[in-house]
Amino acid sequence: MSTVSDSEPFGGIGGVVLDLDGTVYRGDGVLPGAAEAVAALRDEGIAVCFCSNNPTKTPAEYVDRLAGMGIEADESEILPASTVTRDYLRDCHPDEPTYLLGTDSLGEYLRESGQRLVGDPREADVFVASWDERFGYADMREALAGVDEQTVFLGTDPDRTIPTAEGLVPGSGAIVGAVARTVDREPDRVLGKPSPEAAEDALDRLGVPAEDCLVVGDRLDTDLRMGADHGMATALVLTGVSARADAADSEVDPDAILDSLADLPALLE
């Protein structure tokens, strides 16, 4: 792995998969130099895919949020876990009754795409577990009622924690794990990064071969794992969850470690 000071520039990068929370912004505030770094990528003609494991927002909501931080983006460039989940359901379980343990906004997004959501988990062939701050004991009872060996059990993403301005808070992965322990079986798929479904969706949006792509993020186990598993270069930023010391003990060896996203353009010249 390399730091900014001793790293050779990346060559031939045509697309960047860019994490959002902890990389571009933290909480509601854009990180210093992030907007300028994204603009520099665009000036170099490098395609960008903003890829987040947050399952609560739609691409349109991200466009508005980024615009408020001085970053222009098109919906086609944004890939949250909500969209990876929507695409997987649409491709693999389009006509199956689905129970969602998640936010109302995710439910509305899935309904708008044509997914048939049901209110009784016992009527569902597909059970989707996701982040919801209302999660509690009653939801675990619903999972026990609805998930058996024939039920397709999905998680929107594996992020156990979420970085906020006030510190880490529980994420979808914590809820998916609680459901898995309750029903005594692992999910059939956990979507979002680092899943193959997320990687394929991101590469489709970039239109660039994996070997010409760079994944930039603050999590070794999701952002950089996805890049390493699918033949993409990787860069860890130290503005979110993973620290420099974590990289020394990780199975994923970053190609570069950056203090922040602001350092990225210098490595792509």
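# Close-up views of a predicted protein model

**Figure 1. Strand β6 and its parallel neighbour β7.** Strands β6 (residues 98-101) and β7 (residues 126-129) run parallel and are joined by four bridges. What you see here, as in every view below, is a predicted model. To find your place in the pair, look for Thr-98, which stands opposite Val-126 of β7. Which residues cover the two faces of β6? Thr-98 and Leu-100 lie on one side, Tyr-99 and Leu-101 on the other, and all of them are buried. Following the chain, β6, helix α4 (residues 104-112) and β7 together form a β-α-β unit that is left-handed.

**Figure 2. Asp-139, a buried acid in helix α5.** Asp-139 belongs to helix α5, which covers residues 137-146. This residue is buried, yet it has no salt bridge. How far away is the nearest side chain of opposite charge? That side chain is Arg-134, at 7.2 Å. Leaving aside residues up to four places away in sequence, Asp-139 touches Leu-101 and Arg-134. Leu-101 may be familiar from the first view, as one of the buried residues of β6.

**Figure 3. Two loops on either side of strand β11.** Most residues other than glycine have a negative phi, and most peptide bonds are trans. Asp-184 has a positive phi of about 60°, although it is not a glycine. Its place is the loop between α6 (172-183) and β11. Is Asp-184 buried or exposed? Its relative accessibility is 68%, so Asp-184 counts as exposed. In the loop between β11 (189-190) and α7 sits Pro-194. The peptide bond leading from Lys-193 to Pro-194 is cis, with omega near 10°.

**Figure 4. Helix α8 and its packing partners.** Helix α8 spans residues 220-229, and its buried residues are Leu-220, Thr-222, Asp-223, Leu-224, Met-226 and Gly-227. What do these buried residues pack against? Their partners are three strands and two helices: β1 (15-18), β12 (213-217) and β13 (233-237), along with α7 (196-206) and α9 (244-248). Just after α8 comes Gly-231, with a positive phi of about 75°.

**Figure 5. Stepping back to the whole chain.** The protein chain holds 10 helices and 14 strands. Its C-alpha trace spans about 55 × 35 × 35 Å along the principal axes. The radius of gyration is 18 Å, which agrees with the value near 18 Å for a compact globule of 269 residues. Of those 269 residues, 55% count as buried. Among contacts with a separation of 6 or more, 68% come from residues 24 or more positions apart.

Technical notes:
Residues numbered from 1 in each chain as written. Predicted model: local features only at pLDDT ≥ 70, side-chain atom pairs only at ≥ 80, totals over all residues. Heavy atoms only, no water. Buried < 20%, exposed > 50% of the residue type's maximum accessible area, 1.4 Å probe, protein only. Contact = heavy atoms within 4.5 Å. Lys, Arg positive; Asp, Glu negative; His and termini not counted. Salt bridge = Lys/Arg side-chain N within 4 Å of Asp/Glu carboxyl O. Pairing = 2+ DSSP bridges. Right-handed = clockwise from strand over helix to strand, strands pointing away. Rg over C-alpha atoms; globule rule 2.2 N^0.38 Å.
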